[in-house]
Amino acid sequence: MEEDPPSPQKRSTSPPTPFTLPVDSDKKATEFRPFSPSSLSSPHMRAFHLAWLSLFSCFFSTFSIPPLIPIIRHDLNLTDTDVGTAGMASFLGSIFSRLAMGPVCDLLGPRVASATLSLITAPIVLSASLVSSPQSFILVRFLVGFCLANFVANQFWMSSMFSGCVVGLANGVSAGWANMGAGVSQLLMPLIFTAITSLNVGTHTAWRLAFIVPSTFQALTAIMVLIYGQDLPSGNYKEFKKTKTESREEKFVHVLFNGLKNFRGWILGLTYGFCFGVELTTDNIIAQYFYDRFGVNLQVAGTIAASFGMANLFSRPMGGVISDQMGRRFGIRGRLWGLWAVQTAAGLLCVLLGRANSLWGSVLVMCVFSVFVQAAGGLTFGVVPFVSKRSLGVISGMTGSGGTVGAVATQMLLFSGSKFSKQTSISLMGLMMIVCTLPVSLIYFPQWGGMFCGPSFDPSEPADEHYRLLQ
């Protein structure tokens, strides 16, 4: 079966000026060339590199705190409940900001939305150096969590630049490379802290100075997005909206309402809550888990935790590739089956991680688990662009917010003063993944079908109202 295009498209035989990539009738790129020497001359690939780098800096900032928790915990006299509450607070902040980011992208475009968020939250990241009590620590983690809303702008931007035949790959690579920021942070922040203490700076001051690095990096990437970025292949959102006639323009509330009433978006939000949400939770607790359970030092715990996040270099892009390949062969049914199978396997591996009793056995299972759970995130956003074109930002925001809702749920139920040990909580988290992946079987598109049913769409009838075009 041929690929399931989100809208009827006509490939051009040669890239029209000024594009250096082949494009479809909507000027979206039909090829994805991140390593091409001329990639930066194309608005599509330039947007890709700016989007992933900007989101990378946001992940780096958000997860710059967890690897230093053993030091901060001692300095601020934090209890386990304080640490768990702070972790949950960081995800709560992300929920609200991601929900808002989707409609903002629909209204202003991904470039302005992304850069504005990063510039607003960069000083908040720096303010982590000023906390002096458990309450202020929890508040800062809540506000820093807003950084992760940049993910919605990232996926919206890629879906605006790349055609349906490669959008899964573009979304997967962009988010996957960006998510590595969490792993790099786990690796670098302990090294930055150690480097500062080697200059005869006390630990009380050293961990505070370390936050200058992520906050500065985030601000610089935001400025690059504003200067060099472009919302759409044909220009920026501001110019695009000026060219639209009043009769074609859909009101913000109308776009929001039509996204929120689309049941597919809610199911994808639930599914994403227990792949990306579990990934976020694992990023939050894994360094401390190895530090406490196996008695490794801060640097070793950070290195182990970094290997989990660094797998995003290839694992989430691999999910996008699988989604596109399954789409070309089996249509939307292949995308859905691929998502269910990979995420279910990730849940089983998560159960096994909690039951592993040796250090190296745990590390091995964690590495394999990281590949599957991150690939499931790529597979989820391989489906998102096919749900609604007019409310793409809203659907992206709903799905992205689902990721952080899942993180809050797992953090609150299993890792915030839970009566279970951490290893038991990890296994229970895996069981939750398996159960919450089952509703994928309920997703159905009249024009393309679902996991168990073929299409019921009559070409002579109007297109599915949930996917009506903007034009």
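Arg73 has a relative accessibility of 17%, which counts as buried because the cut-off for burial is under 20%. The model is a predicted one, and Arg73 is a convenient place to enter it. The side chain of Arg73 forms a salt bridge with Asp292, and the closest N and O atoms are 4.0 Å apart. Asp292, the acidic partner, is partly exposed, at 43% relative accessible area. Arg73 belongs to helix 2 (residues 69-76) and Asp292 to helix 13, so this salt bridge ties together parts of the chain that are 219 residues apart in sequence.

Helix 2 takes part in another salt bridge as well. Asp75 meets Arg208 at a distance of 3.9 Å, N to O. Here Asp75 sits in helix 2 and Arg208 in helix 8 (residues 203-209), and the pair links distant parts of the chain, 133 residues apart. Arg208 counts as buried, with a relative accessibility of 12%. Asp75 is partly exposed, at 26%.

The structure holds 4 salt bridges. One of them joins Asp324 and Arg335, whose closest N and O atoms are 3.3 Å apart. Asp324 lies in helix 15 (residues 315-330) and Arg335 in helix 16 (residues 332-355), with the two positions 11 residues apart in sequence. In this pair both Asp324 and Arg335 are buried.

The aromatic residues come next. A pair of aromatic rings is described by the distance of the centres and the angle of the planes. Over the whole structure, a search finds 25 aromatic pairs. In one of them, the rings of Phe32 and Phe162 have centres 5.5 Å apart and planes at 70°, so the arrangement is edge-to-face, because angles over 60 degrees fall in that class. Phe32 lies in the segment before helix 1 (43-62), while Phe162 lies in the loop between helix 6 (150-161) and helix 7 (167-197), so the contact ties together parts that are 130 residues apart in sequence. Phe32 and Phe162 are both buried.

Phe59 and Phe276 also form an edge-to-face pair, with 6.1 Å from centre to centre and 85° between the planes. Phe59 is part of helix 1 and Phe276 is part of helix 13 (residues 276-293), so this pair ties together parts that are 217 residues apart in sequence. Phe59 and Phe276 are both buried. Helix 13 therefore appears in two of these links, through Phe276 to helix 1 and through Asp292 to helix 2.

Phe32 and Phe162 also belong to one aromatic cluster, whose other members are Phe35, Phe48, Trp52, Phe56, Phe60, Trp177 and Phe217.

The last part of the structure to look at is a helix contact. Two packed helices are described by the angle between their axes and the distance between the axes. The axes of helix 12 (residues 263-273) and helix 18 (residues 392-414) come within 7 Å and cross at roughly 35°. This crossing is right-handed. On the side of helix 12, the residues in contact are Gly265, Trp266, Leu268, Gly269, Tyr272 and Gly273. They meet Ile395, Met398, Thr399, Gly400, Gly402, Gly403, Gly406 and Ala407 of helix 18. Sorted by type, the residues of this contact comprise 6 nonpolar, 8 polar and no charged. Glycine is counted among the polar residues, so Gly265 and Gly400, for example, belong to the polar group.

Definitions and conventions: Residues are numbered from 1 along each chain as its sequence is written. This is a predicted model: local features need pLDDT of at least 70, side-chain atom pairs count only at pLDDT 80 or more; totals for chains, interfaces and linings use all residues. Side-chain values use heavy atoms; hydrogens and water are left out. Rings of Phe, Tyr and Trp (its six-membered ring) pair if their centres lie within 6.5 Å; planes under 30 degrees apart count as stacked, over 60 as edge-to-face and the rest as tilted. Helices (H or I, at least four residues) and strands (E, at least two) are DSSP runs, numbered from the N terminus. Buried means under 20% relative accessible area, exposed over 50%, partly exposed in between (1.4 Å probe, protein chains only). Axes are lines fitted to C-alpha atoms, for helices over the stretch in contact, and angles run from 0 to 180 degrees between N-to-C directions. A crossing is left-handed if the near helix is turned anticlockwise from the far one by less than a right angle, and right-handed if clockwise. Contact means heavy atoms within 4.5 Å.
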